[in-house]
Amino acid sequence: MLNLKKLDRLCLCIVVAICVICGYWVAKQGTRQRQQIRRENDLLTRKLQDLNLTEINLQGLRARLDRVGADLRILNEKVPQTAEIGLFLKNVDALMTSLNLVMINVQPFPAVREKLYSRIPVQLTFTGAFRDSYRLLWKLETMNRLLVMEKINISQPNIDEPCRVDLTANIFQRSEPVMQTAGKQP
């Protein structure tokens, strides 16, 4: 009977030991899984933060791109691909009519080709009151088209006569850049 009691106790100790070992093993596996889930959540959180930061940067880049696009559209209006001299002269004539100025002469000259653009000199001669002539010059400088005035000569032979204005203005058009290849000149 003594052996049977010892055997029962031994079996009971083995069962308890196995239960403790299995419990420890299950607890350890649970802890590993929680740590793994925590690491994955941290990684996902970092990736989400990176994604949000990237989205903010992308919005900033889109805003810059929109601003550059608007600037490019304005530049394209100021310096068009073609000179559109007819439209320019029509606008000048409308301005002169609205300011009671009289056009005497309009003479466009041949285009002068630069590296990125062509400059087209236009000589304008007109008469009118000094104040109206000044307003025309101001409107020409502030118009939507890039215009550079080179020579301005305002004369008034008599006080009773209107001013005579001789003006050389340059309008611009974009041109394709001159491409040079090795050893060849255009």
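## Exercises on a predicted model

Met149 touches Leu137, Leu140, Glu141, Leu167, Thr168 and Ala169, leaving out residues up to four places away in sequence; contact here means heavy atoms within 4.5 Å. This is a predicted model, in which local features need pLDDT of at least 70 and side-chain atom pairs count only at pLDDT 80 or more, while totals for chains, interfaces and linings use all residues. Residues are numbered from 1 along each chain as its sequence is written, and side-chain values use heavy atoms, with hydrogens and water left out.

**Exercise 1. Place Met149 in the largest nonpolar core, and find the elements that give two or more residues to this core.**

Step 1: Start with the term. A nonpolar core is a set of buried Ala, Val, Leu, Ile, Met, Phe, Trp, Tyr and Cys residues joined through side-chain atoms within 4.5 Å. Buried means under 20% relative accessible area, exposed over 50%, and partly exposed in between (1.4 Å probe, protein chains only).

Step 2: The largest core has 20 residues, and Met149 is among those touching the most other members, along with Phe126, Leu136, Leu140, Leu147 and Leu167.

Step 3: Two or more residues come from each of α2 (85–98), β3 (117–128), α3 (130–141), β4 (147–155) and β5 (163–174). Helices (H or I, at least four residues) and strands (E, at least two) are DSSP runs, numbered from the N terminus.

**Exercise 2. Describe how α2 meets α3.**

Step 1: Two packed helices are described by the angle between their axes and the distance between the axes.

Step 2: The axes of α2 and α3 come within 10 Å and cross at roughly 145°. Axes are lines fitted to C-alpha atoms, for helices over the stretch in contact, and angles run from 0 to 180 degrees between N-to-C directions.

Step 3: Now list the residues: Val92, Leu95 and Met96 of α2 meet Leu136, Lys139 and Leu140 of α3.

**Exercise 3. Is Thr127 buried or exposed, and which residues does Thr127 contact?**

Step 1: Find Thr127 in strand β3.

Step 2: With 17% relative accessibility, Thr127 counts as buried.

Step 3: Beyond its neighbours within four places in sequence, Thr127 is in contact with Leu101, Val102, Ile104, Pro162, Cys163 and Arg164. One of these partners, Cys163, counts as buried too, at 5% relative accessibility.

**Exercise 4. Where is Asn100, and what is its phi?**

Step 1: Look in the loop between α2 and β1 (102–108).

Step 2: Asn100 has a positive phi of about 60°, although it is not a glycine.

Step 3: Asn100 is exposed, with a relative accessible area of 62%.
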